[in-house]
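The exercises below are meant to be worked with the sequence and the coordinates side by side. Try each task before reading the solution that follows it.

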Amino acid sequence: MVDLSINCGGIRSPNPFWLASAPPTNSAYQVCKAFEAGWGGAVWKTIGEPVMNVFNRYGAVDYNGQKILGLNNIELISDRPIETNLKEIAETKKLWPDRAVIASLMVESKRETWHDIVKRTIDTGCDGIELNYGCPHGMSERGMGAAVGQVPEYCAMITEWVTEVSTIPVLVKLTPNVGDIRFPGRAAKKGKANGISLINTINTIMGVNLDTLELQPSVGGKGGHGGYAGPAVKPIALNMVSQIAIDPEIKLPISAMGGVSTWRDAAEFILLGATSVQVCTAVMHYGFRIIDDMVEGLTNWMEEKGYRSLDDIRGKSLKCIADFGDLNLLYKTTARIDESKCIQCNLCYIACEDSAHQCIDINPKEKHNNGSVLTINQPKIREDDCVGCRLCFIVCPVEGCISMVRKDDGSVTMTWNELMKQLPQPVTWEALRQFQAKHGIEIH
Amino acid sequence: MKNAALKLSPSEYEQNFAELHPAFTPNSAVAEANRCLYCFDSRCMKACPTHIDISTFIKKIATGNLKGSAKTILESNWVALTCAKACPVDVLCEGACVYNERGEEPIQIGRLQRFAMDRYFEQGMPPLFTPEPKNGKSVGIIGAGPAGLACGAELALMGYDVTIYEAKEKAGGLDTWGIAPYKMMQRDSLNEVKLVESFGVAIKTKTRVGKEISIEELQKKHNAIFVGVGLASPTRLGIPGEQLAGVVDALDFIDDVTTRKWKSIDVGKWVAVIGAGNTAIDAATEAKRLGAEQVYMIYRRSEKEMPAYEFEFELAQNDGVQFMFQTAPKRVIGKKHVEALECIRMKLGAPDKDGRRKPVPVPRSEFKLPVDMVIKSVGQNIEDSFLSQIPNLKTKNGMVVVNTKTYQTTNPKYFAGGDCINGGKEVVNAAYDGKQAAHGIDRCLFSK
């Protein structure tokens, strides 16, 4: 039996799947419906200062016929009064005692204002608070959201204002629109946060309409950057989450988000150190019902792999993260084509020929098909010339057709950092060439 | 006709002759285009007799560059809309699609090509090609079928003065007259004719060479002549009763159907179609769709030897056409009108020179099939009487002999392509021949 329950900095939930603070958590109606569907927690849509939204709030990137590879929004925090939200939070928590209900807050940068909203939030009986330091649009111009998250000092100061009065766990949500995510992360730690949520949305302009020449989405002819989320941002989020997870100064539980669409995405985030995962875009695309597959898929995978709880897998892949200088230069692979699987699309050929190292040949080959013989173009890798870059493997549309085959026997290893200690400094091309020649590496 | 089938209502005709493969919507076209892997040096391109750069035109559909897509297609094939609808794609481009190797449905290349070409014609054929300045040479083309049109378009763009002579009242050849309406509409072919005309090609319809204009006059007027006359008179059955009312040629019958005046076409209640090629199938299916109650296909050999494509066979079967294999017609019975067809059972003997087993009659196996109409579809003869008017024109088995590179005939002034050199193949082969012959003419006239 697999146990999916989690404790994220003191906030418990029956499964790691939380709805992110966003349009799907705008009201008690929605959150209750989500809990009914099986979501483990929900971070309420950020409540705070009076705001008013515009129309045409969302934009999306579609790719090759696939809808919503990325989703951008210029929606603000909740456009409903604080009282309404707090009342609904209290009602929801009462109805769903086993689920995590987290209030997301954003108010002006005054200590008393923060103290007041935090106390009123605690009175709802909710499980925790998430500080929205991430919103890149609308609020940041008013000195809130990303304007706080981008300045570690503000981040630490406001977190401290909250934690000095809060009796419930406090998560700090970080904006990715910074040079180094670890600095605001460390500031949250300094402000005594109980955990870190990341990533908020990324500054983006979604596109230009080629008929009107206006931005899309267009609000009466005008537009601007919004916050980008969805499957396209997942690799960025994975990197930032792992950076927070491995930072020796931070060591806080992580509620991870950024393109989580399936249980697979969730598992990856957890393997890189997340405790809970938050989801928004996938729900905005398909509705709350996706939770069924998320819970079931994660459970089945864990069962198959023999994991009993998320503690068994959390951070398990962090040990693989290394600096480039610590990678083994003598780990050698070559691409190899399984001709029995090859469909002769020749995508590997043209990729290698135009963009890599020109080490795939196309040879005519006779193929027997229902009694008739046709000549086909069979791509073949010149393994001695292959630098093992993996581009052909990536472009090949047939699973298992191209594989990266290990060439070295693992008996000798050498990282760049080790090599630099051996070779006279500053390193010369000649010295490098000699090292390569010695180990049978030819750069042509 | 003794017993004509009941006429159908206009909506029934429309329904029966509606296109089998409906057009893509813009969304579905883009979705299908995006499924294309964009193979390099693709197999579909090689499988296309005109070598359309298929993955490139599909990619252009995916990006919304439809005009560019049409240009890519037309650069290889001047009758691309007809080909998109009438080509046996299963055995050509789509049959070669690498998705087949992955055990998945191939890209619907025919429908995508149609999508790009439909848009191009809907938008009033925005100019994509500019003819070169006139080079002072003139070429006459006999026959405005796909070979002639392709040859004319290509020559006109190279700067030639081109006149096409066409016996019928509309140009397009079998593209216009010989394709079932549920495969394509006549106006599609006529649009392609207009495109060729837009390059400055003059098409003289109702002008039969040898009648309205003499061969000598043609030779005087033009520096070179391209023969794209196709095949002509249908092969006779050579059985008694062939002259009876109600015995028709498949091509004439199909020709009537393409006019879309379905109500005015008489079709028997019970019909026998003789032959089992793709034209025979078209005729049988059309007869059924015009309201015939029972349609038999009479074929001497077995299903295995049947020349029709698999998908054509399925189409006829789904329409309820009854196939009578190893059966040959012996005589048509009737006083003035067809009343019955006497047939005889056949068995397959030793293989003949083509490797197909020769059918031999089974003694005393005659039987009568009560039918009101007999549609003959046992092939066409080459227009021998016409071709014999051209001096020094060598033919072999009724087909004009040409140089395979230049398409020049044994009379150096004459070039030829299409059905009259191959004995009857697809539109796409004719389109390729015509185009290649244009370059052959250019090389010969300018000694390149």
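## Exercise 1: A helix with two sides

Task: determine what covers the buried residues of helix 10 of chain A, and how those residues are arranged around the helix.

Solution. The cover includes strand 3 (17–19), helix 1 (28–37) and helix 8 (263–271) of chain A; the model is a predicted one, and the steps below should be read with that in mind.

Step 1. Establish the extent of the helix: helix 10 of chain A spans residues 291–305, has 15 residues, and reaches 21 Å from its first C-alpha to its last, close to the 21 Å expected at 1.5 Å a residue.

Step 2. Collect the buried positions, taking a residue as buried if 20 or more other C-beta atoms lie within 10 Å of its own; in helix 10 of chain A these are A:I291, A:M294, A:V295, A:L298 and A:M302.

Step 3. Look down the axis of helix 10 of chain A: its buried residues fall within an arc of 90°, so they line one face of the helix.

Step 4. Turn to the other side of helix 10 of chain A, where A:D292, A:D293, A:E296, A:E303 and A:E304 are exposed.

Step 5. Inspect the end of the helix, where A:G306, just after helix 10 of chain A, takes a positive phi of about 80°.

## Exercise 2: A helix in the open, and its chain

Task: decide whether helix 14 of chain A lies largely in the open or is buried, and place it in the domain assignment of its chain.

Solution.

Step 1. Of the 10 residues of helix 14 of chain A (residues 429–438), the number buried is 0, so this helix lies largely in the open.

Step 2. After helix 14 of chain A comes A:G440, with a positive phi near 70°.

Step 3. The domain assignment divides chain A into domain 1 (6–319) and domain 2 (324–438), and the C-alpha centres of these two domains of chain A lie 41 Å apart.

Step 4. For the chain as a whole, 42% of the 444 residues of chain A count as buried, while its C-alpha atoms fill a box of roughly 75 × 60 × 55 Å along the principal axes.

Step 5. The inventory of chain A comprises 14 helices and 19 strands, and among its contacts between residues at least 6 apart in sequence, 72% join residues at least 24 apart.

## Exercise 3: Strand 4 of chain B and its surroundings

Task: work out the strand order of the open sheet of chain B that contains strands 1, 4 and 18, and describe how strand 4 of chain B is paired and covered.

Solution.

Step 1. The order of this open sheet of 5 strands in chain B is 3-2-1-4-18, with parallel pairing. Its edges are strand 3 (202–204) and strand 18 (414–416) of chain B, each of which pairs on one side only, and the twist averages 20° from one strand to the next.

Step 2. Strand 4 of chain B (residues 224–227) is joined in the parallel sense to strand 18 of chain B over 3 bridges, and to strand 1 of chain B by 4 bridges, again running parallel.

Step 3. At the level of residues, B:V227 has B:A416 in strand 18 of chain B as its bridge partner, B:I142 stands opposite B:V227, and B:F226 stands opposite B:F415.

Step 4. Both faces of strand 4 of chain B are covered, since B:A224 and B:F226 on one side, and B:I225 and B:V227 on the other, are all buried.

Step 5. Helix 18 of chain B (residues 427–445) packs on the sheet and touches strand 1 (138–142), strand 4 and strand 18 of chain B, its direction making about 160° with that of strand 4 of chain B.

## Exercise 4: The sheet with order 6-14-7-8-9

Task: identify which strands stand at the edges of this open sheet of chain B, and what follows for their sides.

Solution.

Step 1. The sheet has 5 strands in the order 6-14-7-8-9, with parallel pairing.

Step 2. Strand 6 (247–249) and strand 9 (322–324) of chain B stand at the edges with a single partner strand each, so one side of each is left without a neighbour in the sheet. Neighbouring strands are turned by 25° against each other on average, direction ignored.

Step 3. Strand 6 of chain B is joined to strand 14 of chain B (residues 373–376) by 3 bridges, in parallel, with B:V247 opposite B:V374.

Step 4. Helix 14 of chain B (residues 278–289) lies across strand 7 (270–274), strand 8 (294–298) and strand 14 of chain B, and runs at about 170° to strand 8 of chain B.

Notes: Residues are numbered from 1 along each chain as its sequence is written. Chains are lettered from A and ligands numbered from 1 in the order in which they are written. This is a predicted model: local features need pLDDT of at least 70, side-chain atom pairs count only at pLDDT 80 or more; totals for chains, interfaces and linings use all residues. The expected span of a helix is 1.5 Å times one less than its number of residues. A residue is buried if 20 or more other C-beta atoms lie within 10 Å of its own, exposed if 12 or fewer, and partly exposed in between; C-beta atoms are placed from the backbone. The arc is that of the directions from the helix axis to the C-beta atoms. Two residues are in contact if their C-beta atoms, placed from the backbone, lie within 7 Å. Two strands pair if DSSP finds at least two bridges between them. Axes are lines fitted to C-alpha atoms, for helices over the stretch in contact, and angles run from 0 to 180 degrees between N-to-C directions. Domain bounds come from an automatic or database domain assignment.
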